[in-house]
Amino acid sequence: MRKSWWKILAVVLISLVIIAGLLAPVPVLPILHESIRNVYFHVPMWTAMLVLYFISVIYSIKYLNTGKQEYDFMAVEAVNTGITFCFMGLATGMLWANITWGDPWPNDPKLNGSAIATLMYLAYLVLRNALEEEQKRAKISAVYNIFSFPIMIVLLYILPKLTDSLHPGSGGNSTFGNLDMNNQLRPVFYTAVIGWILIGTWMLSLRYRMRLIESKQNEIN
Amino acid sequence: MNLLQQVKTLVYKDAILEWRSKYAINSILLYVISTVFVCYQAFKSVDATIWNALFWIIMLFASVNAINKSFIQESQQRQLYYYSIVNPRAIILSKIFYNMCLMAFLAVIAFLTYSVVFRNPLGDPSLYFFTVILGSISFASVFTMVSGITSKAGNNSTLMAILSFPVIIPLLIVLIKLSQNAMQGIDRTQSINEIVVLIAINIITITVSLLLFPYLWRD
């Protein structure tokens with residue numbers, strides 16, 4: 001109980017978000033209408049992804065400093081989990097875009113940036129498969145992981161701000177924060193963000209433990 | 001020897017090796033010129049947007065081909081020799097610097113042939129030229145690190161493409177925007193944002209390369 005309180009918290013928070021997100025009152029907005037509820041699911045996916053990728057970078061740095069194999073497992077599993085959240089973010093975003101912008105994939109810098117960032121992390125996984133030797137694989141992929149993280153940040157959070165984007169908060173559009181994000185949305189939104197980050201961390205820890213067991217089994221053989 | 005002297009010696013060595021064989025530079029020059037001619041024969045005349053896009057595509061593939069070679073000539077034994085006498089940071093710095101010079105030279109040649117063969121009015125030629133130089137330098141700084149990574153993975157050129165293209169795309173987006181501004185001759189103050197982003201990306205990639213290369217290098 002002492003160790004698993006945060007997992008219970010994650011389940012409680014997410015069930016609260018699902019109930020409140022679908023039933024609680026939302027502000028009446030033009031174009032968005034009821035689809036504003038997607039903000040509880042679409043945006044937290046990307047926050048969770050960012051947190052997971054950040055964990056991955058931290059463990060890659062730790063790996064380079066110490067050379068412990070567990071850190072490499074943590075880094076790769078964080079990227080694997082992060083990519084799951086990235087695909088969920090893309091899927092919810094495409095659903096939302098289809099309703100509000102009339103097209104699942106409009107030509108928008110933030111969408112293209114996220115697609116390219118996804119490609120970059122898929123390239124990380126391809127790089128891992130291309131290398132046979134374990135230590136070499138761990139080291140080189142850690143280097144690529146650290147190298148691509150700042151570029152991912154540029155793609156997702158800096159470039160769309162410079163050009164015109166359909167997303168809020170860029171290219172003259174006002175942010176959600178000062179216009180639409182009123183006090184009806186806020187509590188549920190923050191609960192969702194924390195809840196999904198906790199779920200992501202839980203998935204990460206499960207995958208990491210599976211990886212450890214697998215590597216132990218291989219050692220015995 | 002301090003870091004700066006080591007870098008100087010290594011760049012000098014790279015330049016001399018290149019000058020003796022002239023293999024890389026000639027093949028890339030031939031590549032650039034023949035691509036320009038193929039494009040010219042295929043399109044004859046194009047509108048400004050396509051002209052710009054074609055130029056950057058030619059530059060992209062030329063730089064991948066040029067920089068892919070930068071670690072191939074360094075054999076395992078020679079790496080070991082460097083390891084005992086110089087700082088790893090000096091190696092990556094010298095490679096980046098040498099590739100920057102090479103790419104800037106190639107870019108000037110490519111730009112001259114391209115604009116002579118393929119005539120197109122430019123609104124602000126000096127800004128366009130500046131963009132070409134800045135772009136080739138940025139290509140060099142990104143691709144050098146990626147080619148360092150692929151050289152450890154057996155110099156696989158497919159891997160080079162897979163690893164470097166996602167990384168280079170944000171640069172290309174900014175470069176195409178900046179060069180389009182230059183073509184239309186928009187007031188230069190409008191382009192300052194893009195130039196700042198390009199320089200920032202360069203600084204970030206070079207610092208990250210400097211920090212990471214010592215780990216990558218040790219086998």
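## A colleague's note on chains A and B

1. A good place to start is a helix pair in chain A: the axes of α4(A) and α5(A) come within 9 Å of each other and cross at roughly 180°. That crossing makes α4(A) roughly antiparallel to α5(A). Please keep in mind while reading that this is a predicted model.

2. Which residues make the contact of α4(A) with α5(A)? On the α4(A) side they include Pro109(A), Gly113(A), Ile116(A), Met120(A) and Leu127(A), and on the α5(A) side they include Ile140(A), Tyr144(A), Ser148(A), Ile151(A) and Leu155(A). By class, this contact has 14 nonpolar, five polar and three charged residues.

3. Stepping back to chain A as a whole, you will find six helices and zero strands. Its C-alpha trace spans about 60 × 45 × 25 Å along the principal axes. Of the 221 residues in chain A, 38% are buried. Looking at contacts in chain A between residues at least 6 apart in sequence, 74% join residues at least 24 apart.

4. Next, the place where the two chains meet. Chain A brings 23 residues to the contact and chain B brings 21 residues. Two helices of chain A, α4 (109-130) and α5 (134-162), each supply at least two residues of the side that touches chain B. Which of them gives the most to that side? The answer is α5(A), with 14 residues. Sorted by class, the side of chain A that touches chain B has 20 nonpolar residues, one polar and two charged.

5. The largest nonpolar core has 112 residues. Those with the most contacts inside this core are Leu52(A), Ala75(A), Ala78(A), Met120(A), Val143(A) and Leu106(B). Helix α2 (residues 39-66) of chain A gives the most to the core, with 15 residues. As background, nonpolar side chains in soluble globular proteins tend to be buried together.

6. Ala78(A) is worth a closer look. Not counting residues up to four places away in sequence, Ala78(A) touches Leu52(A), Tyr53(A), Ile55(A), Ser56(A), Tyr59(A) and Leu204(A). Met120(A), also among the core residues with the most contacts, appears again in the contact of α4(A) with α5(A).

7. Now try Leu13(A), which sits in helix α1 (residues 5-23) of chain A. Is Leu13(A) buried or exposed? It has 21 C-beta neighbours inside 10 Å, so Leu13(A) counts as buried. Beyond its neighbours within four places in sequence, Leu13(A) is in contact with Thr191(A), Ile194(A), Gly195(A) and Leu198(A). By contrast, Tyr63(A) is 50 residues away along the chain, and the C-alpha atoms of Leu13(A) and Tyr63(A) are separated by 33 Å.

8. In chain B, take a look at helix α6 (residues 125-152). This helix has 28 residues and reaches 41 Å from its first C-alpha to its last, close to the 40 Å expected at 1.5 Å a residue. Because 20 of the 28 residues of α6(B) are buried, the helix is largely enclosed by the rest of the structure. After α6(B) comes Gly154(B), with a positive phi near 80°.

9. Last on the tour is Val86(B), found in the loop between α4 (76-85) and α5 (88-117) of chain B. With 18 other C-beta atoms within 10 Å, Val86(B) is partly exposed. Setting aside neighbours within four places in sequence, Val86(B) is in contact with Gln6(B) and Ile91(B). Val86(B) and Ile204(B) are 118 residues apart along the chain, and their C-alpha atoms are separated by 24 Å.

Key. Residues are numbered from 1 along each chain as its sequence is written. Chains are lettered from A and ligands numbered from 1 in the order in which they are written. This is a predicted model: local features need pLDDT of at least 70, side-chain atom pairs count only at pLDDT 80 or more; totals for chains, interfaces and linings use all residues. Two residues are in contact if their C-beta atoms, placed from the backbone, lie within 7 Å. Helices (H or I, at least four residues) and strands (E, at least two) are DSSP runs, numbered from the N terminus. Ala, Val, Leu, Ile, Met, Phe, Trp, Tyr, Cys and Pro count as nonpolar, Asp, Glu, Lys and Arg as charged, and the others, Gly among them, as polar. The expected span of a helix is 1.5 Å times one less than its number of residues. A residue is buried if 20 or more other C-beta atoms lie within 10 Å of its own, exposed if 12 or fewer, and partly exposed in between; C-beta atoms are placed from the backbone. A nonpolar core is a set of buried Ala, Val, Leu, Ile, Met, Phe, Trp, Tyr and Cys residues joined through C-beta atoms within 7 Å. Axes are lines fitted to C-alpha atoms, for helices over the stretch in contact, and angles run from 0 to 180 degrees between N-to-C directions. Angles under 35 degrees count as roughly parallel, over 145 as roughly antiparallel, 65 to 115 as roughly perpendicular and the rest as oblique.
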